[in-house]
Structure formats: structure tokens, C-alpha cells
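User: I am new to this structure and would love a close look at one part of it. Could you pick a loop residue with an interesting backbone, walk me through it, and then show me what else is worth seeing around it?

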Amino acid sequence: MSQRLAELAATTDLAADPVGFASDPWWLILFKAVLVFAFCVVMTLFAIWWERKVVAWMQMRIGPKHVGPQGLLQSLADGVKLAFKEDIIVKAADKPVYILAPVVSMVPAFMAFAVIPMGGQVSMFGHQTHLQLTDLPVGVLYILATASVGIYGIVLAGWSSGSTYPLLGSLRSTAQMISYEVAMGLSFAGVFLYSGSMSTSTIVGQQGDTWFAVLLPVSFIIYIVAMVGETNRAPFDLPEAEGELVGGFHTEYSSLKFALFFLAEYVNMVVVSSLATTLFLGGYRAPWPITAVWDGANSGWWTLLWYFLKVQLFLFLFIWLRGTLPRLRYDQFMRLGWKVLIPTSLVWLMLIATVRAMKNEGYDYRGIVLGIAGAIIAILVLSVVWDMFRGTDDEEEKAKAAQPPPGAPGAAEPFDPMAGGFPVPPLPGQELPPVPRRAVRRAEPVGAMVGNGNGTGSADDESATDATDKEV
Amino acid sequence: MTEATVGVGIGADQLDTTDMVLNIGPQHPSTHGVLRLRLVLDGERIITAEPIIGYMHRGAEKLFEVRDYRQILVLANRHDWLSAFANELGVVLAVERMLGMEVPERAVWARTLLAELNRVLSHLMFLGSYPLELGAITPIFHAFRDREEIQAVMEEISGGRMHFMFNRVGGLKEDLPAGWLGRARAAVAGVRGRVPVLRDLVHGNEIFRARTKGVGVLSRETVHAYGVSGPIARASGVDFDLRRDEPYLAYGELTDVLRVVTREEGDCLARFSCLIDQVEVSLDLADACLDRLETLPPGPINLRLPKVLKAPEGHTYAWTENPLGVNGYYLVSRGEKTPWRLKLRSASFNNVQVLSELLPGTLVADMVAILGSMFFVVGDIDK
Amino acid sequence: MTAHGYFSTYALVGLVLLVGGGFVSVAFAANRLLRPHAPNVEKLMTYECGVDPVGEGWAQTHIRYYIYAYLYVIFAVDAIFLFPWATVFADPGFGTTTLVEMFVFVGFLAVGLLYAWRKGVLTWT
């Protein structure tokens, strides 16, 4: 194991002076741990501000601009305000679980960050160290595990609130997150197949030449969809669908506990974005055109910049989706997960495994096969998704064509109890006479409409029209 | 009705799934107002739904009886706060008919124009809020931008942004300001130019279609049985529009412009597309009215009224095609300066009743789609 | 990598957990000091859209949620089996046999999913 790790490490740029992750002095480790938390919180504050600004821009608004330059401190102000708010624990709540839930939701989100490589090897206080807290040999699995623990927070929050909306919200949320976690996990398997490792730093190192997003387009797409589902963000934000379940699982939460849920959501967004960057977009390594002209792009603190930019790219995607799309309905969402994403992942995984095995056996048309198969599957996925949402478009067109042309009289209509008459059904045995008024389409002289008895009558009886004619 | 008193998986003797009673409203984000729905759920499926109304009841009809005809307008334009002008219209038409009053032609055309602009305002509101209920947060801002433009011209003439109070018995309050017709035309053109944005953003969105197509299908028979009217009825194929079928104001002369938008499906998508098409029709009508107003010779826009306005003894029923449906006023006068009775038939009241037919058997998530597509104003329900 | 180094990477995870715990405790303590505390009966009622809540909010819900949980357990565990396989797949010594084995395994998975599909478990009723 260790031998293989060393080999893999040698393939990366870190090879110049490979430093083990355990060789940092304890104070540096502690400092980095605190730094990870600080980074998460700052990223959350920034992401909220960024989201509000971008969504505002999409909606022709200005967005926050009063607190701090360009409103940058708005989310900080909001966070502080939340901490100052009265904390209400409703009587029906199960108190210990109710308090524990936001903690269970938030801490794993932070913990997942421990294995995210945010940058290469840098010099920090005179020590060579990685911009990554720890490098578990099963780093990606560890992230999956922490994400699963985070789900408990939501389930428990909904259950312990002792109220209907949170309960429904949390049940939805659970079913949703576990469904998408399966698809997410299967998309990882493709990456492992190529990287030969579950360690995040090794996976980044393996993408020196080609990003896995290029090699594994289907896995990448599936991961993108799954990560949006996993973080409960639009268009998959069903657990907190405010139109249906009010606030969803956090309806009964207030003050700091609510803020923790908020924090957890955004940290989770940053985590899944970081994971996408790490697994598919070459992690903290500079994108191709930059490396071609600048050798130093992949060294030192610069790597943090590339990492940050790539994460921002995904965060922007989250925001863009939120600004554009309505929410899916629950069953549509589950159908997408179980009937599209999971089968596709399985097929795709076996496909790349086969191709890899063939390559190992000495066949050489790997690239061609992979390209073609990838394209076919990508098209299949897209078409399935398309069909699911599009429905049968032709029907709509036909229905439109069947509409009477503008201004055409509705005289061709079959029997219609409401036509021109009163909105009441005919009495038993009563035949509504052929519409009297519809046929009369004379253009009345303007201004004279007050006098004619045409527009009079009572809601109960048609014959009452006569009575009103007396003031003509 | 079983009440939910059993904890999750509490014991083997009670392994039935209990029906859960879920109150949607009176304070709920998707009812935009204080409508309350009492739902009995099995999981996420609705078993029964009962609209409980009256949280906003203000006794408008009773208040009408102690106001003179000029004051009634202030009250009457409030029940459906999105279509104030159209509400005023019904009252003045009833009173004018009782008085046998001939309204100046310019007033008639201006009223038609303002009624159509008001219809656009109301429709745009729902075109924005309906996607919002389905989770799309952006369209409402585009809708409000368009509303703003029309509201600006409405505000210019009436001074109001919501409760215009521009109708008077016998005409309008004041003449149109100089140059207003041009500005109104620009506003209409601006809104028309941006309707495709809403159409692309919402109507063409796959998720939106998936959520609305085939959902909450309202049959033609149900429409008739419940007296549903307006765009909701027309989306179910009920080809009924008072503007065409019983022309009031100047609609009789606009038959070549007035196109009654109908759909056959009766689902949420049909209701939405009906609404969006009606906006375009209304904009066409507004343009036609503007054309006509420009050619009309100058003249009075209202009539001088006696100090004490008394409708002669008798009764009449004036109904208008409001943005949300048929809005009727049954006016009974005993020759006094206040009506003896002024019955209000509001569109939303009837339209919402049909929810108890539509909702059972649907999912909670569909409930929101259906509720939003009924295009109601709570004040219009509760009066 | 020594055994010491191997375990210390996990010890770091424990450290993050500790820092997280510290973060939460500090936040809760600060919040306790800062926030007002004035509960009353109305505030402590659960939200029921403005209607006084009747009964408890807990209800025995339909089995369909649990079916998804079972499906998840099956698939997540199976996915866990996939991961080590995918990791060592390209290494020397693992060839076509490994691939065929996994085809058999995934075949079972697929049959399971198909069964659930055919049984209508995946359809929201």
C-alpha cells in the first residue's frame, strides 16, 4: 500500500520534495485544522453574498449593497443577527435531539473538508506542507461517509420538531439524499477505475495530463446532477420547498440553530464543489492553456487560486440553476435518480471497465471505443432526461392548431350550457335553448350600452331580465 | 377523520399508516393570503381537501348598503386588489344602467383601455407568482418589471398604484393628461416586447411543463357545475367571455381584435398558457383602444351628477369579465341614495370552490401547482 | 508509510471533529449569552399555518419512504464493493477474470433494480 502511494505521489508535481502528511509539527496541523474551519465559514459568507448578487443580477435587481463594500459583509451581518435572536424550542420538540440535530448536520460538513486538497505544497511558517489537512487512503469514501452522517442531522431535525411540515420535509430529504448518494457513489467508481486510488491527492495527481471530466464525461454529468440533489439545492430543493412545506425540516428552528443549518448547507455546497473539482477538474492544478505558457502556475500558493476559481465555477452553477429553474416534483425527482442516473452509472461503469480491461490485454482502439461509447451514452442520458420533462410536445402543438383562429366565432361549438347564458347547469329535464346571444354579434353603438336590457338579468333566473328593462 | 397521534413505528398493533391532517394556511406561503385548506394526507397523497374561507371577510356587501353610490366605489375596488379598475367598473355600469345614463364616448373607450391595462397587470402578477410557487424565483421579477411599466401610466392618470379609484358614475374622474396616450402606447409596446421572455423562461421550461402538464385537470362539466369562470374556465375549453358574449363598454366594436383564448386540456399548463395568451390579447385590445382614443374628437369624459345621487327603484345585474373571471353586481335600489342591496358575485369565490374536487388524489407537491393555477385573490373570495 | 503515519492521518480526522465540537460549543455558549430569552405559550407552539396544532405532529407515514431506505442500503453496500474493485482493477494480476466477476456482480445489482422497478417500488403512488 505505502509503496504504491509513494509511486503515485512520484507521478505528481509534488515530487520535487514530497512531504508526508504526517510530518507536519502538531501546531501546524492544529493551525491548518482551524484554517479549514475559517475557510469554510468565509466561503459560506462569500457564497451567500455571491449568490445574492448573481441572482439579483439575473433578476434585474442590485442585491445587497449597504453593509460593507458592495454589500460583502451582508451575510456576516445576517449571521451575527441570527446569533442575537431569541432561540425558541417549541414545546412539542424532543429537546436533546432538537439541539443535537443542527450540530450533527454541520460538523460532518466541515469534517469532509479535511481531505480536500485545496492546493499543492506550500511553505507555511517555514515548513513545507500541503494545503490539505489529511490524506486518507480512502479519502473519497470518507467524504461519502461524512455526507451520510450529515443526513442524520436533517432527519433528526424534522423528527424532533414534533410538527408536520418538518417531518414531511425531513422524510423527503432523507429519501432524496440517499437516492442521490448512490448515484454519486457510482460516479466515483469510474474515477477510481482510472486513478487506481481513493485518495484525493492521488486523484488530483493522476489528472496531470487529462482531466477526468474529459475521460469520464458521463460520470461527470451524473456527479453534477447528484451533487445538486445531495445538497438540496434548486431544482432539487424539495425538503425546503417553501411553497409546500413552508421551511421544510428547519421550520421550527430559530437563532443560532437555524444559522447552523444554513451554514451546513453552504459548506456542503463548497464540499461537493471541491470534490467535483478534485475528482473531475484536476483539483488545484492550473487549466491547460495556462500551464502551456507559464511553468510556475502549478507551484506554491498559486494552486490555491486555481482551486478557488474552479470551486467558484461550480458555485456559480448552483446559483445559476437556482435563478433559472423551478422545483421538480418529488416523484419526478426520484424517478430521475433511480431510473436514469443509477442504471446509467452502472452501464457506464461496466463499459469503461471493459474498455480498460481490453487495453490491459493489449488492444489499442481504446480511445475510439471510449469516445464513441461515451458519446452514445451521453446522448442517451440527455434524451431520456429530455423526454421525461418534455413529454409529448406534438400534442401541445396539435392542441394549439385545433384552437379556433383569432376572431372566429364560436358558433361551431357543440351544445354548451354556459355559452352566452348563465354559469348554472340546466335543470333536470330542461333543455337549454340554442344560445340566443352568441349569434347576435352586432356591434353595439358605443355609449348606448347603458340602456339596452342586453346585459341585465339576475344570477338566479333568466326571465328576470325583463324587470330591469323598465328603467330604459 | 383520524387524527395523527401515533409516533413513527410505535408498535405492532398500530401499524396502519395514519392519515395526517395538514393545514395549508391561513398563514402559508403558497396561499398568498389567508385562505386555509384542510388536507387529510396519506403519506403525500391528498385524500380530502376542504377550503376554509372567511378569514378576510370584511362584510363588503353590508358596507355597500350604508354608502352612497360614489362611496361604494372605494369599497368595491378592494375585494380583488389586483383588478381594482375592473371592480369599480361593475358598480358604475350597474348604477349608470339604473339611472339610464349615457356615458360620453371618450369615457367608454378610456374605460375599455384601462380595464385591459388592469387585466394585464393582474395577469402579470399571476404569471410571476405561479412559477414562484413552483420554485422558480426569477420570473416574478420580470413580471413585476412589466407591471411597473403599466402601473406607471396608470399611476399617472389616477394617482393610485393599486386602488385606482378612477371610475366615477357617469364617466371617469378626470380627463387623460396630455401626451398620456403616447406613453401608454410605449408601455404597451414595451410589455408586448417582453412577454416572450416570460414565455421562454417559464412556459418553455421542461421542469415547469413536467410539473403542470396533466396536473389538476378540470373538466368542462366541473367548470359548469361550480360556476368557474375566467381564464380557468377557458383553459378547460369553456368558450365563454363576457367581452364577446355580452359586450359591455366598447368591446362590441372590438370584435375583430378580441380573441377569446381557450385551451382544451384543462390542466395547470393550459391555465397558465391561457393567461399568458390573454396578456397578448389584452395588449392588442389596449392598442386598439389607444388608436380609437386618438381619433376621437375632444369632449367631456364624465357627466355632471346631481348633488344627491339616487338610483331609481328597481334592480339590475351588471357583470363584467374581470381578469379572474365573471364579476357581477346585483344592485337593488329602493330609490334611496344608498343601495338596498348590492350583491357581489366575485370570480375567485366560485373558482376556489372547485379545489375540493380537484385536489383529492393528488400529491402535496401537485397541490401547490394546482392551488397556484387557480389564480385567486383571497379578498375576492372572502369579500 | 509507517503504521504510525497511517493512523495519524485518521487521528487528524478526530482532530477536526474536536475542532468542530469546539466551534459548536463556543458558538452555542456565545449564543446563550447574547440572545434574549422570553418564551411564552404562543411562541412555543408548533407552526401549523396559524391554526392551533391539534394532536401531535408525528404520524405513522407510508412505507414507501422505508422502501427507498432499503434500496439505499442494498445499493450503497454494493457500491462499497465496487470501490475497492475499481481501485485495484488496473493493477497487474487483475485481468479479464476480475471484469467478468464484476459483470456477474453488477448483473445481480441490475436484476435487483429491475425487480424493484417491475414491482412498481420506484413509482410514487
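Analyst: Happy to! Let's begin with B:Phe375, which sits in the loop between helix 14 (364-373) and helix 15 of chain B. Please keep in mind that this is a predicted model. What catches the eye at B:Phe375 is its phi, a positive value near 45° in a residue other than glycine. As a rule, most residues other than glycine have a negative phi. Is this loop residue buried or exposed? B:Phe375 counts as buried, because it has 29 C-beta neighbours inside 10 Å, and the cut-off for that label is 20 or more.

Now step on to the helix after this loop. Helix 15 of chain B covers residues 378-382, and B:Gly379 is found in it. B:Gly379 is buried too, with 20 other C-beta atoms within 10 Å. Which residues does B:Gly379 touch, leaving aside those up to four places away in sequence? They are B:Met56, B:Arg78, B:His79, B:Asp80 and B:Trp81. For another sense of distance, take B:Val120: it is 259 residues from B:Gly379 along the chain, and the two C-alpha atoms are separated by 19 Å.

Chain A offers a loop residue to set beside B:Phe375. A:Gln70 lies in the loop between helix 2 (26-58) and helix 3 (74-84) of chain A. The phi of A:Gln70 is positive as well, near 55°, and this residue is not a glycine. Its surroundings are described by another word, though: A:Gln70 is partly exposed, with 14 other C-beta atoms within 10 Å.

While we are in chain A, here is the wider view. Chain A holds 18 helices and two strands, and 50% of its 472 residues count as buried. If you take the contacts in chain A between residues at least 6 apart in sequence, 75% of them join residues at least 24 apart.

Helix 9 of chain A (residues 217-230) is a good place to see how these helices pack. It has 14 residues and reaches 19 Å from its first C-alpha to its last, close to the 20 Å expected at 1.5 Å a residue. Of those 14 residues, 12 are buried, so helix 9 of chain A is largely enclosed by the rest of the structure. Among the buried ones are A:Phe220, A:Ile221, A:Val225 and A:Val228. After this helix comes A:Asn232, another residue with a positive phi, near 60°.

One partner of helix 9 is helix 6 (residues 164-195) of chain A: the two axes come within 8 Å and cross at roughly 155°. That angle is over 145 degrees, and the two helices are therefore roughly antiparallel to each other. Helix 6 of chain A passes helix 9 of chain A in a left-handed crossing. On the helix 6 side, the contact includes A:Met177, A:Tyr180, A:Met184 and A:Val191, while helix 9 brings in residues including A:Ile222, A:Tyr223 and A:Met227. By class, this contact has nine nonpolar, five polar and two charged residues.

A second pair in chain A makes a useful comparison. The axes of helix 11 (residues 255-280) and helix 13 (residues 302-324) of chain A come within 9 Å and cross at roughly 120°. These two helices are therefore oblique to each other, and their crossing is right-handed. Among the residues that meet here are A:Met269 and A:Val270 from helix 11, and A:Phe314 and A:Phe318 from helix 13. Eight nonpolar, three polar and one charged residues make up this contact.

Finally, let's look at chain C. It has three helices and zero strands, and buried residues make up 25% of its 125 residues. Helix 3 (residues 96-118) of chain C has 23 residues and reaches 32 Å from end to end by C-alpha atoms, close to the 33 Å expected at 1.5 Å a residue. Its buried residues are C:Leu99, C:Met102, C:Val106, C:Leu109 and C:Leu113. C:Gly120 follows helix 3 of chain C and has a positive phi, near 80°.

How many residues does each chain give where chain C meets chain A? The contact takes 59 residues from chain C and 69 from chain A. On the chain C side, helix 1 (3-34), helix 2 (64-88) and helix 3 each give two or more residues, and helix 1 of chain C supplies the largest share, 18 residues. By class, that side has 43 nonpolar, 12 polar and four charged residues.

Note on methods
Residues numbered from 1 in each chain as written. Chains lettered and ligands numbered in written order. Predicted model: local features only at pLDDT ≥ 70, side-chain atom pairs only at ≥ 80, totals over all residues. Helix = DSSP H or I, 4+ residues; strand = E, 2+ residues; numbered from the N terminus. Expected span 1.5 Å × (residues − 1). Contact = placed C-beta atoms within 7 Å. Nonpolar A, V, L, I, M, F, W, Y, C, P; charged D, E, K, R; others polar. Axes fitted to C-alpha atoms, helices over the stretch in contact; angles between N-to-C directions. Parallel < 35°, antiparallel > 145°, perpendicular 65-115°, else oblique. Left-handed = near helix turned anticlockwise from the far one by under 90°.
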